[in-house]
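Thanks, everyone, for making the time. I would like to walk you through one part of a model that may be new to most of you, so please have a look at it before I go on.

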Amino acid sequence: MKKIDERDTMFARMAWESNSDAFRDYYNRNPDKLEFDEELRTLPNLSEEGTATYDSINSRIVDGLFRFIADLRPFAEGEIIREPQVIDPETATRRIKEIARHFGASIVGITKTEDYHYYSHRGRMEKNYGEEITKKHKYAIAFAVEMDKDFINRSPQIEQTIETTHGYLTAAVVGMVVSYFLREIGYDARNHMDGNYLVVAPLVAQDAGIGEIGRLGILITKEYGPRVRLGVVTTDLELIPDISESFGVKEFCEICDKCSKTCPGRAIPSGIMGEIEGVKRWKIDQEKCYRIWRSLGTDCGVCLSTCPFSQGIDLDKINSIMGNTELMKEILEEHEKKYGIRNYMKEKLNIIK
Ligand code: SF4
Ligand code: SF4
């Protein structure tokens, strides 16, 4: 699989100052992207005045959370504290999973790292823009943090972004606890958290067996669907990888198609999977998606609330959907009867009123 260059992501492209070194380098190499990105830069940023969901008090909840998360980023890496302690892989795996769950992870999985898990180059911060990512650990601990259904079902209102930032923060804290612990027992470890990733979290999480990437381009877990935020810690401590097996998400997505219908940016493809760079998958249009974020002032999330897996499907049924089109149709009909095209909750939550 071709590695992703972080410089191509919208988050990186929107992070550079006009005419900075990063800006000049990128658009010299990608002149076709300049006009679109310059137009985006004229729009207000997320949670800024002028966006559809702006509120002088409520938008500050999101700003405060993002500022706090940004303050944590420098602690993603650190020194190994002491000589490595001997711990057998089975015990290490069990205890690390316990620690991650205790501090807020809902699902935890482990995989050996692959080259394609890592970005090829860094891109989001000017200070290390263009740095090739060469340092790689042997294992990755991936975890998902459940996001509150009542908040996500208010998408694309501000409750949604309050909850996604909450998810990013919890994932960052879990990653800090696990990576600090690993360095305490003598093993190098890095927390890959919001705004400071060296890895592409959904690819790692899929290989760690905690879910499967669906039509909407992000990880769908059996337990919470895509209503999760992901975190990853990489390390050289010997661990036991989990088995990654499809549970039928892609087949389900083939007949569902709901998120492509509700996406306000028309960013999610409909129809059957195509082959992109040798891999069968759907590819969302990140430019169209991000444009919607800039006009809403939130990170939208309509697709998260639309996905039937987010609303909870009986686990026994999920475990039997593989190759069972009739059961998939039955699940979709039940969902339609209960929620229509999606479960949208209008009434404001107390946190914002
Ligand atoms: S976040 Fe919104 S705009 Fe982006 S893909 Fe999901 S539904 Fe579409
Ligand atoms: S809404 Fe349907 S098509 Fe979209 S990701 Fe969820 S299951 Fe797949």
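Let me begin with a question: which residue in strand 2 is the bridge partner of Gly109? Keeping in mind that this is a predicted model, the partner is Ala142, and that pair belongs to the antiparallel arrangement of strand 1, residues 107-112, with strand 2, where six bridges join the two.

Strand 2 also pairs with strand 6, residues 228-235, again in the antiparallel sense and over eight bridges, and here Ala144 has Leu230 in strand 6 as its bridge partner. Moving on from strand 6, we come to strand 3, which pairs with strand 6 over four bridges, antiparallel once more, with Ala189 standing opposite Thr235.

Putting these pairings together, we have an open sheet of four strands, in the order 1-2-6-3, with antiparallel pairing. Strand 1 and strand 3, residues 189-192, stand at the edges with a single partner strand each, so one side of each is left without a neighbour in the sheet. From one strand to the next, the twist averages 20 degrees.

Now to the helices: helix 5, residues 89-102, lies across strand 1 and strand 2 and runs at about 140 degrees to strand 1, while helix 7, residues 158-184, lies across strand 2, strand 3 and strand 6, at about 20 degrees to strand 6.

Finally, I return to strand 2, residues 139-146, where seven of the eight residues are buried, so this strand is largely enclosed by the rest of the structure.

Key:
Residues are numbered from 1 along each chain as its sequence is written. Chains are lettered from A and ligands numbered from 1 in the order in which they are written. This is a predicted model: local features need pLDDT of at least 70, side-chain atom pairs count only at pLDDT 80 or more; totals for chains, interfaces and linings use all residues. A residue is buried if 20 or more other C-beta atoms lie within 10 Å of its own, exposed if 12 or fewer, and partly exposed in between; C-beta atoms are placed from the backbone. Two strands pair if DSSP finds at least two bridges between them. Axes are lines fitted to C-alpha atoms, for helices over the stretch in contact, and angles run from 0 to 180 degrees between N-to-C directions. Two residues are in contact if their C-beta atoms, placed from the backbone, lie within 7 Å.
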